[in-house]
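Trainee: I would like a close look at a single part of this protein. Please take me through the sheet and whatever surrounds it.

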Amino acid sequence: MAQLVLFNKPYQVLSQFTDDLERSTLADFIDLPDIYPAGRLDYDSEGLMLLTDSGQLQAKISQP
């Protein structure tokens, strides 16, 4: 069964877990192994994100 995490991304947080410029990322808020965002929000926006450990579900959600 796939693990799902709903996360309300704050303003000025990257929708990824790493950043070379040391900006705030998902890693500052989520400490779960093998979980990845299904979709993205801009750095300068905030809102609900879905993260999952299922590559198949991630692909299905991300496809238009």
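**The sheet and its surroundings**

Mentor: Start with the helix, in this predicted model. Helix 1, residues 55–62, lies across strand 1, strand 2 and strand 3. Against strand 3, helix 1 runs at about 145°.

Now step back for the inventory. The protein chain has one helix and three strands. Along the sequence, the pattern reads β-β-β-α. The radius of gyration is 11 Å, close to the 11 Å that the globule rule gives for 64 residues, so the chain is as compact as a globular protein of that length. Along the principal axes, the C-alpha atoms fill a box of roughly 35 × 25 × 20 Å.

Next, the sheet itself. The sheet is open and holds three strands in the order 1-3-2, with antiparallel pairing. Strand 1 (4–9) and strand 2 (36–37) stand at the edges. Each has a single partner strand, so one side of each is left without a neighbour in the sheet. A general point helps here. Strands of a sheet pair through backbone hydrogen bonds, either parallel or antiparallel.

Look at the pairing of strand 1 first. Strand 1 and strand 3 (residues 47–52) run antiparallel and are joined by six bridges. Follow some of the residue pairs. L4 has T52 in strand 3 as its bridge partner. V5 stands opposite L51 in strand 3. N8 has L48 as its bridge partner in strand 3.

Now take the pairing of strand 2. Two bridges join strand 2 to strand 3, again in an antiparallel arrangement. Find Y36 in the structure. Its bridge partner in strand 3 is T52. You have met T52 already, as the bridge partner of L4.

Turn to the faces of strand 1. In a regular strand the side chains alternate between the two faces of the sheet. Check that against strand 1. Its covered face has V5, F7 and K9. Its uncovered face has L4, L6 and N8.

What lies in the core? The largest nonpolar core has seven residues: V5, F7, L26, I30, I35, M49 and L51. Strand 1 and strand 3 each supply at least two residues of this core. V5 and F7 of the core also belong to the covered face of strand 1. Across the whole chain, 28% of the 64 residues count as buried.

Pick out I35 from that core. Leave aside residues up to four places away in sequence. I35 then touches Q3, V5, F17, I30, L51, T52 and D53. Among these contacts, V5, I30 and L51 are fellow members of the core. T52 is in the list too, and T52 is the bridge partner of Y36.

Contacts like these can span the sequence. Count the contacts between residues at least 6 apart in the chain. Of these, 48% join residues at least 24 apart.

Now the loop between strand 1 and strand 2. T25 lies there. With 5% relative accessibility, T25 counts as buried. Its contacts include V13, L14 and Q16, along with F17, T18 and D19, not counting residues up to four places away in sequence.

E22 sits in the loop between strand 1 and strand 2 as well. E22 is exposed, with a relative accessible area of 75%. Look at its backbone, too. Phi of E22 is near 60°, a positive value in a residue other than glycine.

D34 is another residue of the loop between strand 1 and strand 2. D34 counts as exposed, at 55% relative accessibility. Its phi is positive, about 55°, although D34 is not a glycine.

Move on to the loop between strand 2 and strand 3. D44 lies in this loop. Leaving aside neighbours within four places in sequence, D44 is in contact with Y11 and Q12. Compare its position with L14. D44 and L14 are 30 residues apart along the chain, and their C-alpha atoms are separated by 8.6 Å.

Finish on the outside. The accessible surface of the protein chain comes to about 4,600 Å². Carbon and sulfur atoms account for 50% of that surface.

Go back to the picture once more. Trace the strand order, 1-3-2. Then find helix 1, lying across strand 1, strand 2 and strand 3. Last, pick out the core residues, including F7 and M49.

Notes:
Residues are numbered from 1 along each chain as its sequence is written. This is a predicted model: local features need pLDDT of at least 70, side-chain atom pairs count only at pLDDT 80 or more; totals for chains, interfaces and linings use all residues. Side-chain values use heavy atoms; hydrogens and water are left out. Two strands pair if DSSP finds at least two bridges between them. Helices (H or I, at least four residues) and strands (E, at least two) are DSSP runs, numbered from the N terminus. Contact means heavy atoms within 4.5 Å. Axes are lines fitted to C-alpha atoms, for helices over the stretch in contact, and angles run from 0 to 180 degrees between N-to-C directions. The radius of gyration is taken over C-alpha atoms; the globule rule is 2.2 Å times the number of residues to the power 0.38. Buried means under 20% relative accessible area, exposed over 50%, partly exposed in between (1.4 Å probe, protein chains only). Accessible areas come from the Shrake-Rupley method with a 1.4 Å probe; for residues, only the protein chains shown count as cover. A nonpolar core is a set of buried Ala, Val, Leu, Ile, Met, Phe, Trp, Tyr and Cys residues joined through side-chain atoms within 4.5 Å.
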